[in-house]
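Student: Please take one part of this model and go through it closely. I would like to know how the helices there pack.

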Amino acid sequence: MQLAVAAAKAYFLNMNAIPASESLSALIQAEQFIGWTCQLDYEKTVVLTSDQWKVRARGVPHNCFLLAVVPDAGQTDAARKKAGEIILLRVTGSAALPLDEEMLQAKIKTVQTRQSPSPSDEASIVAVEEFQFSGLACRILGTFYVQEGKLRLGSDIESYLSAPLFEVYRPTGPALEALVNYISPERAAAARDEARRLGLQGDLPRFPIGTVRYSSTDRLHRGEASEHSVFHLNAVDFLARRTAVFGMTRTGKSNTVKQLVSVVMRTSMGSGLKIGQIIYDLNGEYANANQQDRGSIAEVYPGETFRYRMLPTPGFQLILNNFFVQTVEGHTTLKGLIEVNKIHRSADLEAFLSMDFSEPRKEEYNSDQEFQRQLGNHQRKVAAYQTLLARAGYELPANFRIAFEAGAGIRNKVNPSVDPANGLTATQAFEWFQLARAIQEELITATGADWIDPDTNVLMNLLLQRNDQGAYIPGFRVLQPYKDYHAPSRTTDVCDEIYNHLIGGKIVILDLSVGDPVQRERLSKRIAQHILRHSMATFNSGKHAPHIVIYVEEAHNIIGRNDALTDIWPTIAKEGAKARLATVYATQEVSSIHPNILSNTENILVSHLNNENEINELAKYYDFRDFSRSLIRAQNVGFARVKTLSNPFVIPVQIDRFDPEKERQRAGVAKPN
Ligand SMILES: Nc1ncnc2c1ncn2[C@@H]1O[C@H](COP(=O)(O)OP(=O)(O)OP(=O)(O)O)[C@@H](O)[C@H]1O
Ligand SMILES: [Mg+2]
């Protein structure tokens, strides 16, 4: 026994010899004392608390942070401030005490002797001091200590002694704020380096996004707004990183994403660093002013935002391509639409679907002559396809002409007065093919079967609604329903255009709430592929890739859990950081996310989940297991548990509501009429 006391004294002395720092002592608030540790090991501790202390500290909510400090021998405030280390705890539940059984018996006896429902005598349970003690089970999150004048947080305890009782406090206000925003000197230095590498000037930008909240019922611990402890996000945690936002429907995922978009925008505006942001918006809630949500990103940053949609809408660009110009892309779109709509397919339609409109490449042919021949065929085939589109009612781009080479022999037989090489209107082109078809046999005899390749023949069949046997087929009519997928005014590929906006630090919103789901998936992938390919190419050429953050809403619809590792989304998650691509994905289901993406995710924000499966999936990560019960139970909107790269443990936070008015003021944007 004496040995133990001596050891304890030596330990205290040792600790007190370490120079104390104001920041360490500032964490301890005398009025927030709630009890003593009575058991301690490497992982957990039991805190003995009493009702009086709990009441004075305004309660001890489940999952709250506690701080345990070794009391000094003298018990003076000055001496206490010398404490060399503080153990950080999280309340995980109640702990049984050895005397619980006897206390319960005594309580029962007291109740049995009661005469009235509200006794005022001394023997009342409330008045019996022994009855007021109970145990709190806590997990050790780490140790705050001071080294070389800096506050550090180890993620464990180094050693423990059994004899001393630690004083335990529940930090609030500024102490709690200091604790939840703590960043280790190493992480701060690394983040500063990273910020410099990323091109950010000055200090690390961090932004308030919410306040600490432990439980659904928050009358005591968050009773006064002035007592709220603000939680900040560090912008560098998000750039070139992966972030997951989980939670049941209507629990504030999109709100959180909007906060992130705004954090990135403000980082960009404050530092002059261009950061492109692209939002895959499946519900159209970022693009449209939604009555219910009082505003959207597009409204807050009108000059910085470009909106895209699959159907023509005022204020939106078409995500789609110009079928007359981006021939391959347009054909692939049509193919997807026809396949998904399960239309009856004639042999000609079948042949059309399997056509390839990519231009022949010289290296694929043995002789220049053969290459030139293929090029001629390709030109006629594209011309026939363009004529087919026009016949089906697809609007030609302004001043667009259908042009192809036809040898003098053919020209003279078909119509000597026009040369298709000079360009034809849609009507002229249709008439030309009509005439050519009428004398097809003659042409073949005169010029050899070669003048029209099988693909062009099929396209002419569709154009003229007759198959090779001369029987009627619906032909061009099959293409008529998909006219809206063609963007006649677009001159560049939509992917190039979007990528250029991103390089310019703009926000691009892809409103995917309308249009065909298959198209949606294909386009989403194609845009993501384009971004990755171009950013990787910049990175591989030794240059700095532009900063881009990709947000995917309702991610389970776009990113498949069973995607191959080589598919675009797992690749972006794995390789994107190199090319400065950040991803933020929001979904209701943790289990729907590709395991490779999840294990590469640095930041996780999660609100209410409604079943054990999802909780178990999440509990594999960091210390989310501590929140298993509360995540299922608390359904409050915006009540999130947050683990970021900079924070060593999960912090429960009530996320602020995205306030367009406030954001507009910050961005210096006038209110729209
Ligand atoms: N932190 C918050 N504080 C107050 N209100 C919020 C907060 N977060 C969201 N809301 C409001 O709650 C509603 C639902 O939020 P939100 O759309 O962000 O949820 P969601 O999880 O994205 O839902 P869904 O699964 O339907 O997409 C919205 O009206 C929103 O304004
Ligand atoms: Mg949402």
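Tutor: Helices H10 and H12 are oblique to each other, because the angle between their axes falls outside the classes for roughly parallel (under 35 degrees), roughly antiparallel (over 145) and roughly perpendicular (65 to 115). The model is predicted: local features need pLDDT of at least 70, side-chain atom pairs count only at pLDDT 80 or more, and totals for chains, interfaces and linings use all residues. Residues are numbered from 1 along each chain as its sequence is written, chains are lettered from A and ligands numbered from 1 in the order in which they are written, and side-chain values use heavy atoms, without hydrogens and water.

The axes of H10 (residues 327-340) and H12 (residues 368-391) cross at roughly 55° and come within 12 Å. Helices here are DSSP runs of H or I with at least four residues, numbered from the N terminus; axes are lines fitted to C-alpha atoms over the stretch in contact, with angles from 0 to 180 degrees between N-to-C directions. This crossing is left-handed, meaning that the near helix is turned anticlockwise from the far one by less than a right angle. Thr327, Gly330, His331 and Leu334 of H10 meet Val382, Tyr385 and Leu389 of H12, where contact means heavy atoms within 4.5 Å. These residues comprise 4 nonpolar, 3 polar and no charged, with Gly counted among the polar ones.

H12 also crosses H14 (residues 426-438), at roughly 115° and with axes within 9 Å. The crossing of H12 and H14 is left-handed. H12 contributes Arg380, Ala383, Ala384, Thr387, Ala390 and Arg391, and H14 contributes Ala426, Ala429, Phe430 and Phe433.

How values were computed: Helices (H or I, at least four residues) and strands (E, at least two) are DSSP runs, numbered from the N terminus.
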